[in-house]
Amino acid sequence: MEGIERVVLITGASVGIGAATARRLAGPTTALALHALGAGRDGEALETIAAELSATGAPVLVLHGDLAERGTAEALVRDTLARFGRIDQIVSNAGFANRSPFGEADAAVLEKAHRIMVEAFFSLVTAALPSLQTSAWGRVVAVSSFAARLFRPDGLYPVTGSAKAALEALAKALAIQLAPKGIPVNVVAPGYTRKDAAGHSAISADAWKHAAAITPMGRLAEPDDIAAAIVFLLSREARHITGQVLAVDGGLTLT
């Protein structure tokens, strides 16, 4: 498309970190393919975001699909290529938090987490690889979590943590594979991050207060704090950073 410098596909873009990232990227020279996991409340939120960003002059494509279902990730790539002709950058952000301990979580929840956060990332990148490898501004950023590396009795996420750890391993392997092509691949690992009004919370209001208290910076992150790091890693200035996990957690994983 004439005048478009990059096409960015963002999963989980209806609320929170994904929406904040889309807002930071939006402009006439950046085309956005924005995805929501469902067509209900998430879908309505995405339509609102899309209308807001279209008003800035950004070309926007709205995508829906349950990433727990095989074939959805590939369909997102096909639809983006059909609309914009290429994919330059991917932000794999879709996911969910689950605090269920062993004995309460079942294998179906574990499988769902890995399909949405791990298999979807693998499938997205695999389907987009031909386009990424010919891009003049190729970038991949995966969104992980402190849950992949912080293990304490008041903050365990066995299901989510295992999926995010696998996601980080895939991203590092991809970074090695794409480095000769000059395509950085990185991970952003948020700490406790404030939810949008439309976002689902896995913990109670009291637990959120405790989360802020145990974070050395003394506060929750805002979605835009995480988006700022993602947008930097997508920038041209970050061209020599690859295979890294950037913790944006207020020092949470230092303790």
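## Two helix pairs and two residues

Helix α3 (residues 72–84) packs against α4 at an angle of about 30°, and their axes are 8 Å apart. Because angles under 35 degrees count as roughly parallel, α3 and α4 are roughly parallel to each other. Their crossing is right-handed. If you would like to follow this on screen, keep in mind that you are looking at a predicted model.

Which residues make the contact between these helices? From α3 come A73, E74, L76, V77 and L81, while α4 supplies A120, S123, L124, A127, A128 and S131. By character, the residues of this contact divide into 8 nonpolar, 2 polar and 1 charged.

Now for a second pair. Helix α1 (residues 16–25) meets helix α7 (residues 223–234) at an angle of about 55°, with the axes 8 Å apart. That angle makes α1 oblique to α7. The crossing of α1 and α7 is right-handed. On the α1 side, the contact is made by G16, I17, A20, T21, R24 and L25. On the α7 side, P223, D224, I226, A227, A228, I230, V231 and L234 take part. The residues of the contact of α1 with α7 divide into 10 nonpolar, 2 polar and 2 charged.

Here are the two pairs together:

| Helix pair | Angle | Axes apart |
|---|---|---|
| α3 and α4 | about 30° | 8 Å |
| α1 and α7 | about 55° | 8 Å |

Two single residues are also worth a visit. The loop between α4 (107–133) and β5 (139–143) holds S135. Is S135 buried or exposed? With a relative accessible area of 15%, S135 is buried, because the cut-off for buried is under 20%. A polar atom of the S135 side chain lies 2.9 Å from the backbone nitrogen of W137.

P158, in turn, lies in helix α5 (residues 158–178). Its relative accessibility is 26%, so P158 counts as partly exposed. What does P158 touch, leaving aside residues up to four places away in sequence? The partners are N98, R99, S100, P101 and F102. You can also look from P158 towards L110: these residues are 48 residues apart along the chain, and their C-alpha atoms are separated by 8.8 Å.

To recap the two residues, S135 sits in a loop and is buried, whereas P158 belongs to helix α5 and is partly exposed.

Notes. Residues are numbered from 1 along each chain as its sequence is written. This is a predicted model: local features need pLDDT of at least 70, side-chain atom pairs count only at pLDDT 80 or more; totals for chains, interfaces and linings use all residues. Side-chain values use heavy atoms; hydrogens and water are left out. Axes are lines fitted to C-alpha atoms, for helices over the stretch in contact, and angles run from 0 to 180 degrees between N-to-C directions. Helices (H or I, at least four residues) and strands (E, at least two) are DSSP runs, numbered from the N terminus. Angles under 35 degrees count as roughly parallel, over 145 as roughly antiparallel, 65 to 115 as roughly perpendicular and the rest as oblique. A crossing is left-handed if the near helix is turned anticlockwise from the far one by less than a right angle, and right-handed if clockwise. Contact means heavy atoms within 4.5 Å. Ala, Val, Leu, Ile, Met, Phe, Trp, Tyr, Cys and Pro count as nonpolar, Asp, Glu, Lys and Arg as charged, and the others, Gly among them, as polar. Buried means under 20% relative accessible area, exposed over 50%, partly exposed in between (1.4 Å probe, protein chains only). A polar contact is a pair of N or O atoms within 3.5 Å; within protein, one must be able to donate a hydrogen and the other to accept it, and residues adjacent in sequence count only if both atoms are side-chain atoms.
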